[in-house]
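Dear colleague,

Here is the structure I promised to pass on. Please open it alongside this email; my notes follow below it.

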Amino acid sequence: MRILTAAAAAALLAAPFVPLAGAAEAAAGPPMGWSSRSLGCSVSESSVRKAADALVPLVPLGYRYVIVDDCWLATQRSGGALAPDATRFPGGVNALADYVHGKGMKLGLSLSAGTKACSGGGPGSYKSEAADAEQLKGWGVDYVKYDWCNIPAADFPGQNVQQIAQALYPRMRQALGPDVVFAMNNEDGSTVPWLWGKGAGATTWRTNVYNRPIPDTYATMVDIWETNQLRAEYAGPGSWADPDLIQAGRGGMTETEYRAQFTLWAVGAAPLILQADPAAAPPSVVANPKVVAVNQDPLGVHGTFVKSDGWYHVLSKPLAGGDRAVALFNESDRAATVSTSLGGSRYRVEELWSGAVASSKGDLSAQVPAHAALLYRVSESREQAPPLVTFEADPPRFLGDDRPSVLEPGKPGEIITRVTNTGATAGLRDVEVAARVPDGWQAAARTPTRARRLDGGETLTVKWAVTPPAGATPGNYELTFTQGTQGTGQTAVAVVTVATAPGPGRTSLSDVAWTSAKNYFGPVEKDTSNGDKAAGDGRPITIEGVTYAKGLGAHAPAEIEYYLAGRCSTVEFQAGIDDEVGAAGSADFEVWADGGRVAHSGVLTGSMPARKVTASVEGARYVRLVATNGGDNATSDHADFADAAITCN
């Protein structure tokens, strides 16, 4: 993978500025740049200039737009004209535009289609569209993010939100003219901008239907991406679906997850607008020129699903010149093999993040880490490249299995690796697999680790006995496997969990280490009530005057999971709302064995006595004790699993 190193960035800083392209040329692909949204109303002229300076090394890749998102306006117009906030932007917008242009970039500002700006108290552009557009163009503004705030719906009697938006947005688009990028930020889903944004001349239109900025979390990013994919048919060259900003560098996700977002946005021909300080955005994510080229491909096509089965997705995006980009995305919490067919020809396949090049007669398959996406550029080619190899470490046992394999301290457990000649363009010779485990662990091959030859479609499967130390701390660990063949090699990582199943007989669950615990308010407590927010602040578990010495104190919604190894038979507890919240509170107490609910209490309130819950967990690998909030809210829902115990063989 080629990325911008620190030395390369310094060289770019010293190089002459990149000449400005015309607006039409600059908008030939989805806009790229930086937004001040994270700064909120702390944004200032100096912070924008600083961000522009930090963005300079990324200009050659296409990052050209420096966008001031709200809080730049004075609270009142000056003589009917827009005015920048004199404290935040003392030099004015024209000087700021000159500064940004001098760096080889373009300036963007936000406006509102309503009577007031979304933030900062400035005026909106309602009924002033033509004048405001001329003023911004006179300042040298190249990009307008047009927000949907403070809309005077009373001025449009009998019209719904979509009809109002269709009346207001074209006014500004026409006033700005074709040389200004028009980002239609009507993120309220009721305006359905994907149905009419292209016809209204929008360069981009929002799709995430969240009336707030995108949070820097993996789960929300995936939700927004899935919503964006539903709009793919409406996007195209010059009018792109906008699922919101690139989060890389903000700190809420892992680099793997940030790379997944960047991949999905690239395949979706989405704007690549950074939200983090450009200096903090990792080059390993945002500065891969081959991935950016997929996003900026001249065809401008929004990639679509080839297949999707819940957690595992294959997307394809046609590229200019006959190539295509193919993304393999593993949404789940465990590494999994994702596969697709490329067709009946011979192909060159390059994984753009790693730079690995291989060939295939039609199959594309790879083990994709949890929360990760791989991106391939696929070309019909007779190029002599090694055949595509699929290397799997600890593959899931069944479709949708997203739990790591569990190993018990001091006991050997089986981990499988597989090497497959997927490409089938030549035989693989002298294939060998090796294991690398944490200090103190043992890994011994139970089957041969070497194959002299693997023809197309053939697989070398190795079974390993892996043993954690007897004193291994519960938690997740990485096992690394390598395979080498014909001078090349690959690495595959298996994430495994070390956990101990309960011993034989009846055991109090408060004496067993759980594998995970989630609680609405503070931590789950052992042998006391939930208490307050701090750990260890619970009181004796008491339900309708009856006190219990053992049990689990939670606050619904709560979920407590244990590893059983298929060796247990029964879970039982007294369910009830703790007396510490009086007659308030309500919860339904459930038991889940692996993927199915096997018992529940029904809704119990703070004025009801404890109810005995008994559940069969025969053969289950995991059991979860779940407390829901009773269907109302989470107030006072101090849920006790009193005398919680498990019986095992």
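Asp594 sits in the loop between strand S34 (586-593) and strand S35 (596-605). Keep in mind that this is a predicted model. The phi of Asp594 is near 50°, a positive value in a residue that is not glycine. Most residues other than glycine have a negative phi. Asp594 is partly exposed, with a relative accessible area of 31%.

Asp394 also has a positive phi, near 55°. Its loop runs between strand S17 (389-393) and strand S18 (405-407). Is Asp394 buried or exposed? Its relative accessibility is 8%, so Asp394 counts as buried, the cut-off being under 20%.

Now a backbone point of another kind. The peptide bond from Ala556 to Pro557 is cis, and omega there is near 0°. Most peptide bonds are trans. Pro557 lies in the loop that links strand S31 (551-555) to strand S32 (558-563).

Next, the interior. How many cavities of 30 Å³ or more turn up in a search of the whole structure? One does. The volume of this largest cavity is about 140 Å³. Its lining is made up of 16 residues. Arg37, Tyr143, Lys145, Asp242 and Leu245 lie nearest the centre. Strand S4 (143-147), strand S5 (181-185) and strand S6 (204-206) each give two or more residues to the lining. S5 provides the largest share, with three residues.

Finally, the chain as a whole. The protein chain has 10 helices and 38 strands. It runs to 649 residues, and buried residues make up 54% of them. Its C-alpha atoms fill a box of roughly 80 × 70 × 45 Å along the principal axes. Among contacts with a separation of 6 or more, 72% join residues 24 or more positions apart.

Surface and charge, briefly. The accessible surface of the protein chain is about 25000 Å². Carbon and sulfur atoms account for 51% of that surface. There are 54 positive and 67 negative charges in the chain. The mean positions of the two sets are 6 Å apart.

If you look at a few places on screen, start with the two aspartates with positive phi, Asp394 and Asp594. Then go to the cis bond before Pro557, and on to the cavity by Tyr143 and Lys145.

Best wishes

Notes: Residues numbered from 1 in each chain as written. Predicted model: local features only at pLDDT ≥ 70, side-chain atom pairs only at ≥ 80, totals over all residues. Heavy atoms only, no water. Helix = DSSP H or I, 4+ residues; strand = E, 2+ residues; numbered from the N terminus. Buried < 20%, exposed > 50% of the residue type's maximum accessible area, 1.4 Å probe, protein only. Contact = heavy atoms within 4.5 Å. Areas by Shrake-Rupley, 256 points an atom, 1.4 Å probe, with all protein chains shown as cover. Lys, Arg positive; Asp, Glu negative; His and termini not counted. Charge placed at Lys NZ, Arg CZ, Asp CG, Glu CD. 1 Å grid on protein atoms, 1.4 Å probe; cavity = no way out; pocket = protein on both sides within 12 Å on 5 of 7 lines; lining within 4 Å. Points joined across faces, edges and corners; volume = space filled by probe spheres on them.
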